[in-house]
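Reader: I'm new to this one and would like a close look at a single part, with some idea of what surrounds it. Could you start with one pair of residues in a sheet and work outwards from there?

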Amino acid sequence: MTESSDLLRIENLDTGYAGVPVVRDLNLYVAKGEVVALLGPNGAGKSTTLLTISGLIPILSGSIFALGEEVDSRNPHLMARRGLAHVAEDRSLFFNLTVNENLKLGLRPDKTGMEAGLERALEMLPALRPLVNRRAGLLSGGEQQMLAVARALVSRPKLLLVDEMSLGLAPIIVEQLLPIVRDIADQTETGVLIVEQHVNLALNVADRGYVMNHGELVMEGSAEELLERQDLLEASYLGGELEGEG
Amino acid sequence: MDVLFGAFAGLGAGAVFAILGVGLVVAYRGSGVINFAHGAVAAYTAFTWDELRNTTHGAYVKDDGGSIFLPWFDPIPEWGFLKALHINNLPVEIHIMNDPPVWLAALLSLAMAAFIGFLMHIMVFRPLRNAPLLAKVIGSVGVMLYLQSVANLNFGGANRADNGFWEFTSTNEPIRNFLGMDRNLAGSTLYLAVAALIIGTATWALYRFTRFGLATRAADENEKGATLLGYSPQLLAGLNWVISSVLAGAIGILFIHRAGPPTFILFVVPALAAALVGSLTSIMGALAGGFGIGMIASMGVNATSYDWWPEWLPSDGVRTFAPVLVMILVLYFRGDRLPIRGTVGVGRQPRAPFAKHPLVGLGIGIGIVVLMSNIFTANWESTLTTTLLSIMFMLSLTVLVGFLGQISLVQWSLAGFACWTLIRLSADGTKIRAMDFLAIDGPGWPDPLAALAAIIAAVILGVLISIPALRIRGVQLAVVTLAAVVAIEDLLLRNEPLMGAGAATTNPTPDPNWFGVEVGALDEKTFRTDYWKYTIFALIFVAIGGLIVANLRRGILGRRFLAIRSNERAAAAAGVDVARTKMIGFGVSSLLAGMAGILVAYKVPVITSEYFNPFVGLGFLAFVYLGGITTVWGAIFGGLLAAGGIISEFGSLHFEGITQAYINAVGAIGLVINAIVTNGEGVALMLTNRSKEMTGVMRGTSSSPNEVSGSIDANTQEVS
């Protein structure tokens with residue numbers, strides 16, 4: 001079920017590196033205010049999909065419509081200007097700049113005042129407030145992830161992509177961060193596509209989910225449905241049979 | 001007190017180094033490229049200024065002035081039927097007005113600098129953004145050679161003696177009894193220093209306090225991160241190229257009353273040292289570094305006037321060695337902290353296929369040269385030997401740059417060192433020829449022994465130079481070795497107490513006799529420089545060099561070289577002794593360069609150190625890269641294409657308007673295109689691939705060499 005009002009719509013997408021497809025025939029959508037989980041084991045093609053949505057990897061075939069326009073990998077920076085924010089797997093922070101400078105770079109200059117955006121992000125992630133003058137390279141892993149999320153938030157995105165938020169972090173920190181993503185979607189109608197290996201954590205905050213394996217979509221459904229079918233989820237991760245999938 | 005005054009006297013030169021250094025930092029932060037053409041941009045802008053103001057009192061004076069020359073040239077020279085068709089009128093000169101005011105001339109000159117910066121970004125460095133380091137260095141060297149050649153074509157190339165303007169004039173009143181030191185300081189020195197401080201501080205503020213500066217710093221560290229936040233790294237790079245070029249242009253205009261525009265090109269060396277003091281990222285560090293280097297060099301030069309100063313350490317050498325010393329110290333102690341720009345992707349290294357049948361290739365080559373030697377006479381025989389000499393030298397670059405991946409720009413100076421050593425060792429205190437102006441003292445060694453000792457001397461110096469390379473790599477090695485070129489010329493080649501009476505002027509070369517055979521190019525009876533025995537001698541040298549390189553690539557040492565080129569840490573993990581292998585590589589390359597130096601010494605009756613200036617060496621690097629830096633065939637193609645080689649000589653002799661500057665400019669364009677399109681594999685591999693494709697078509701097979709290289713290993717492909 002896709003509609004023209006979707007923030008993100010992917011149709012029959014093939015994408016990969018040097019002309020070799022890593023993701024094949026992918027179809028998915030994200031609507032306003034919706035949190036969608038993209039799940040799957042290592043090497044499934046989840047991060048490649050997000051990088052393609054951001055325009056950093058060229059599309060081999062198929063199409064991606066994000067925020068009303070077709071994605072063009074020739075000018076990937078324009079995606080951010082249209083309202084897409086991407087919390088990358090490697091966090092893509094600027095370690096030699098301070099927390100404050102990292103956040104300022106995420107601000108979109110407009111009439112409503114940049115300070116307000118900064119303040120809102122710090123309200124959602126108060127742990128960053130005492131660290132604003134510290135260099136990003138000196139933060140702990142959890143603090144860096146908070147900064148990456150905060151930097152995405154200050155741009156007041158319409159579509160947010162979050163890649164492996166739990167990578168290298170203690171579960172307790174992930175449990176603090178993921179609900180923030182849910183709050184963003186609820187409060188601002190931002191559409192969120194979240195890539196995660198921790199299935200239960202992701203599905204607890206998501207509305208719907210897709211499961212990928214070996215570059216192809218193997219399952220999809222509402223978060224509740226997917227949580228109830230743990231056996232199939234496990235099979236999809238381990239490469240087993242998926243008879244009767246929904 | 002004199003030494004202290006020397007420090008103040010160095011403020012003027014320091015101001016130039018400082019602002020050029022700041023410009024280099026700006027370009028590096030914006031694009032990750034160390035711009036060897038930065039001094040050339042200053043030179044072109046200074047030429048533009050001088051042309052507009054027409055205050056020239058030098059040898060070359062335009063009739064009208066008030067014109068600007070766009071940074072290109074008529075691509076098709078005026079010859080034959082093309083002249084009648086008038087199809088070659090690409091606009092180059094635009095007349096603005098006679099005697100434009102200072103502000104307009106300055107504005108137009110800076111606009112020219114900005115335009116050059118924009119073109120450099122769009123046409124060279126943007127396409128090379130994900131290319132390997134070597135391609136970026138070559139691109140930058142190509143731009144330098146191009147700007148130098150185009151300046152030569154558009155402005156005549158001769159030096160200018162411009163009076164400058166406002167307080168920046170050579171006629172400015174000196175500051176008498178400066179600070180009570182009983183010495184007069186040149187009037188413009190302090191103004192230059194203040195101007196540099198203002199420009200440098202304003203640039204620092206731009207990058208410290210504006211969103212553009214913040215975004216530039218961010219993209220410098222993480223392009224992907226900046227892109228994801230909505231900043232275009234390429235737009236930022238373009239703006240930074242423009243700012244960098246304007247800074248170079250500004251100091252070119254301010255300093256023109258002190259030095260002619262061509263001088264600016266090599267100011268890039270101390271400017272690079274200044275930029276390194278600032279770790280390639282700190283504008284204020286580069287500013288301080290530039291002033292420091294200018295002051296230290298000036299103090300050193302002042303010190304040479306004392307009686308206690310050793311005669312064998314000339315003042316020119318002290319001045320040019322100061323930046324080298326600063327560079328080595330900075331890189332040695334802080335090299336690991338210098339930033340390497342992270343890009344979204346990095347392209348692959350050029351392939352280095354090995355020759356399948358080197359002896360067959362050698363036989364064909366010898367046959368062709370012997371045939372040519374029999375057909376050619378007079379100038380053409382000389383052109384043939386110039387080609388052989390170029391090939392000989394380029395083989396040294398194939399080993400060091402192509403196989404080992406060490407971007408060393410000093411090899412041509414090693415050839416010069418071998419040449420000078422040979423002259424000194426074979427001299428016996430008597431005039432070699434009746435026409436010689438002077439006699440050189442020396443031990444009078446037999447020619448083969450002197451040649452062997454000269455080659456060994458080049459190898460020793462080359463291995464010594466490789467010691468910093470054990471810690472310094474990549475583009476930083478290119479920077480240090482470029483500085484070493486200038487220092488070697490002034491410290492060794494032009495050092496008469498060390499190298500003999502003619503070292504700094506005209507050095508008479510030996511009249512070589514190897515085991516009873518006269519092997520010099522000069523026929524003593526006819527005074528013609530096309531003696532066939534020299535051609536055979538050069539051919540033997542090139543054949544030995546070619547076999548050394550071909551077999552090196554085929555053996556385990558060649559594979560170790562390629563492993564180091566690909567990834568030093570991985571090579572070390574695989575059991576390769578990186579330090580030892582690098583030193584062997586430098587040694588082999590220096591041996592080949594030394595052999596080229598011997599060929600130079602035997603080719604001309606007298607020689608000056610100008611023959612070994614950095615631009616000649618960079619020209620060789622340019623043409624071997626164009627031919628193909630990773631194969632023996634590439635060196636052969638490079639030798640044919642190089643200045644004075646058969647192809648360029650053919651153009652010069654048969655087509656009116658094709659001057660050496662024209663050939664160099666076209667060569668520089670080819671170099672840049674080659675860096676972008678073929679990734680340094682050059683004409684040789686391109687032709688090899690095409691011939692294999694054609695062979696495949698004729699045999700009815702569909703596989704192309706590219707498919708093979710893509711699926712197996714790029715370096716195992718063979719060429720015959």
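Author: Let's start with A:Leu8, whose bridge partner in strand β4 of chain A is A:Ala66. Before going further, note that this is a predicted model, where local features need pLDDT of at least 70, side-chain atom pairs count only at pLDDT 80 or more, and totals for chains, interfaces and linings use all residues. Residues are numbered from 1 along each chain as its sequence is written, while chains are lettered from A and ligands numbered from 1 in the order in which they are written.

Back to our pair. A:Leu8 belongs to strand β1 (residues 8-17) of chain A, which pairs with β4 (residues 59-66) of chain A in the antiparallel sense, over 6 bridges. Two strands are said to pair if DSSP finds at least two bridges between them. Strands here are DSSP runs of E with at least two residues, helices are runs of H or I with at least four, and both are numbered from the N terminus. Another link between β1 and β4 joins A:Glu11 to its bridge partner A:Ser63. What holds strands together like this? Strands of a sheet pair through backbone hydrogen bonds, either parallel or antiparallel.

Now zoom out a little. The pair sits in an open sheet of 4 strands, ordered β2-β1-β4-β5 in chain A, with antiparallel pairing. At the edges of this sheet stand β2 (20-30) and β5 (69-70) of chain A; each has a single partner strand, so one side of each has no neighbour in the sheet.

Take the β5 edge. β4(A) and β5(A) pair in the antiparallel sense over 2 bridges, and in one of them A:Phe65 has A:Glu70 as its partner in β5(A). The two strands form a hairpin with 2 residues between them, and A:Leu67 in that turn has a positive phi of about 55°.

On the other edge, have a look at A:Asp25, which is found in β2(A). Phi of A:Asp25 is also positive, near 50°, in a residue other than glycine. A:Asp25 has 14 other C-beta atoms within 10 Å, so it comes out as partly exposed. The cut-offs, with C-beta atoms placed from the backbone, are 20 or more other C-beta atoms within 10 Å of a residue's own for buried, 12 or fewer for exposed, and anything in between for partly exposed.

Something lies over the sheet, too. Helix α1 (residues 46-53) of chain A lies across β1, β2 and β4 of chain A, running at about 110° to β1(A). That angle is taken between N-to-C directions on a scale from 0 to 180 degrees, with axes being lines fitted to C-alpha atoms, for helices over the stretch in contact. As for contact itself, two residues qualify if their C-beta atoms, placed from the backbone, lie within 7 Å.

Where does this fit in chain A as a whole? The domain assignment splits chain A into domain 1 (1-83 + 158-241) and domain 2 (92-156); such bounds come from an automatic or database domain assignment. Taken over C-alpha atoms, the centres of these two domains of chain A are 24 Å apart. Across the boundary, 9 residues of domain 1 are in contact with 8 residues of domain 2 in chain A. Helix α6 (residues 171-188) of chain A gives the largest share of the domain 1 side, with 4 residues. By class, that side has 8 nonpolar residues, 1 polar and no charged ones. Here Ala, Val, Leu, Ile, Met, Phe, Trp, Tyr, Cys and Pro count as nonpolar, Asp, Glu, Lys and Arg as charged, and the others, Gly among them, as polar.

One last step outwards brings in chain B, where 15 residues are in contact with 18 residues of chain A. On the chain B side, α8 (211-221) and α9 (223-228) of chain B are the elements giving two or more residues. The largest share, 5 residues, comes from α8(B). Sorted by class, the chain B side has 7 nonpolar, 5 polar and 3 charged residues.

Chain B has its own split, with domain 1 (2-75 + 83-337) and domain 2 (355-680). There, 42 residues of domain 1 of chain B are in contact with 42 residues of domain 2 of chain B.
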